[in-house]
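I opened my notebook to see how this chain is held together. Here is what I looked up, entry by entry.

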Amino acid sequence: MFLTRFFGAGTTPNPCASCQDDDRLEFEVRMAFQPILDATTREVYAYEALVRGANGEGAAEVIAGVRPEQMYRFDQTCRVQAISTAARLGMGARLSINFNPNAVYEPATCIRLTLAAAKMSGFDTGRLIFEVTEAERVRDGSHLVKIFRDYQQRGFMTAIDDFGAGYAGLNLLAEFQPDLVKLDMALVRGIDQSAVRRTIVAGIVAICAGLRCRVLAEGVETQAEYRVLRTLGIELFQGYLFARPQLEALPVVDAALWEALEAG
């Protein structure tokens with residue numbers, strides 16, 4: 001539906017042989033955006049695109065309606081929608097797009113729609129960040145590494161999401177070093193009250209520094225969490241403390257919040 005409207009009937013880049021029989025989506029998807037902030041500059045480092053339903057339904061509800069045979073089409077639709085909406089909103093920051101590695105059959109072929117959408121929208125592909133989606137656990141770690149390496153060679157930034165949970169652990173980091181490592185929210189929540197969490201996060205920060213990966217703390221909700229994470233050397237932040245996702249809009253952070261954070 002959306003892909004045909006965006007590219008025009010008969011002009012959509014041909015999918016690879018493994019994907020061309022995927023079912024089309026019977027529903028529309030839209031995008032919400034949440035900022036990722038750089039505490040050193042107090043500026044927006046990037047916006048993460050988060051899938052929503054036609055009426056603003058949350059990601060979990062939308063994803064629950066995707067059948068296995070539609071996963072490729074859904075993944076491609078979300079990518080194109082994220083890029084086209086970001087361009088329409090005049091986004092000047094980086095754009096972080098979640099992707100499902102289980103829906104990527106061959107990186108070089110499956111990236112064609114993304115590249116075509118960026119070209120048509122006038123969006124610089126050098127500002128794209130690809131992070132592994134939380135929706136489905138990776139079935140083949142080596143396949144994910146292959147995708148990441150292909151994206152890296154194309155000049156895209158890459159991110160491991162939910163680091164410290166499930167597939168996103170040290171084994172994956174040993175095989176591939178992304179630009180960003182996003183801490184699992186379970187490590188962030190209540191870190192100001194947990195010496196164990198502080199020790200674990202400090203270790204991750206040290207490892208990532210040695211590998212030249214930047215650590216991003218997502219899910220930050222309180223000033224106390226922020227201050228502890230900041231003292232541990234983290235510079236990139238995302239969470240309700242700063243801004244909630246907004247549907248087809250680019251949230252801004254009140255300068256007064258930064259003053260309050262630094263004053264504490």
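Before reading any strand partners, I noted the rule I would use: two strands pair if DSSP finds at least two bridges between them. I also reminded myself that this is a predicted model.

**Entry 1: strand 7 and its partners.** I began with strand 7, residues 214–218. On one side I found strand 6 (residues 180–183), paired with strand 7 in the parallel sense over 4 bridges. Within that pairing, K182 has L216 of strand 7 as its bridge partner. I then followed L216 onward and arrived at L236 in strand 8. Strands 7 and 8 (residues 236–238 for the latter) run parallel and are joined by 3 bridges. Between them the chain passes through helix 10 (residues 223–231), and this β-α-β crossover is right-handed. I also checked burial: 4 of the 5 residues of strand 7 are buried, so the strand is largely enclosed by the rest of the structure.

**Entry 2: salt bridges.** My count came to 15 salt bridges, and I looked at some of them.

- E26 and R67 form one, with the closest N and O atoms 3.1 Å apart. E26 sits in the loop between helix 1 and strand 1, R67 in the loop between helix 2 and helix 3, 41 residues apart. R67 is partly exposed, at 30% relative accessibility.
- D38 and R214 meet at 3.7 Å, N to O. D38 belongs to strand 1 and R214 to strand 7, so this salt bridge ties together parts 176 residues apart in sequence. D38 is buried at 9% relative accessible area, whereas R214 is partly exposed at 28%.
- K182, met above in strand 6, reaches E131 at 3.1 Å, N to O. E131 lies in strand 4 (residues 128–132), so the pair connects parts 51 residues apart in sequence. K182 is buried at 1%, and E131 is buried at 1% too. Salt bridges with shared partners join E48, E131, K182 and E218 into one network.

**Entry 3: a buried arginine.** What does R79 contact beyond its neighbours within four places in sequence? I listed I97, F99, V104, I111, T114, F130 and Y151. R79 is in helix 3 (residues 71–88) and is buried, with a relative accessible area of 1%.

**Entry 4: cysteines.** I looked for disulfides and counted 0. Why is C208 not bonded to C213? Their sulfurs are 5.2 Å apart, too far for a bond, because a disulfide needs them within 2.5 Å. C208 is buried at 0% relative accessibility, and C110 is buried at 1%.

Conventions. Residues are numbered from 1 along each chain as its sequence is written. This is a predicted model: local features need pLDDT of at least 70, side-chain atom pairs count only at pLDDT 80 or more; totals for chains, interfaces and linings use all residues. Side-chain values use heavy atoms; hydrogens and water are left out. Buried means under 20% relative accessible area, exposed over 50%, partly exposed in between (1.4 Å probe, protein chains only). Helices (H or I, at least four residues) and strands (E, at least two) are DSSP runs, numbered from the N terminus. Contact means heavy atoms within 4.5 Å. A crossover is right-handed if, with the strands pointing away from the viewer, the path from the first strand over the helix to the second runs clockwise. A salt bridge is a side-chain nitrogen of Lys or Arg within 4 Å of a carboxyl oxygen of Asp or Glu.
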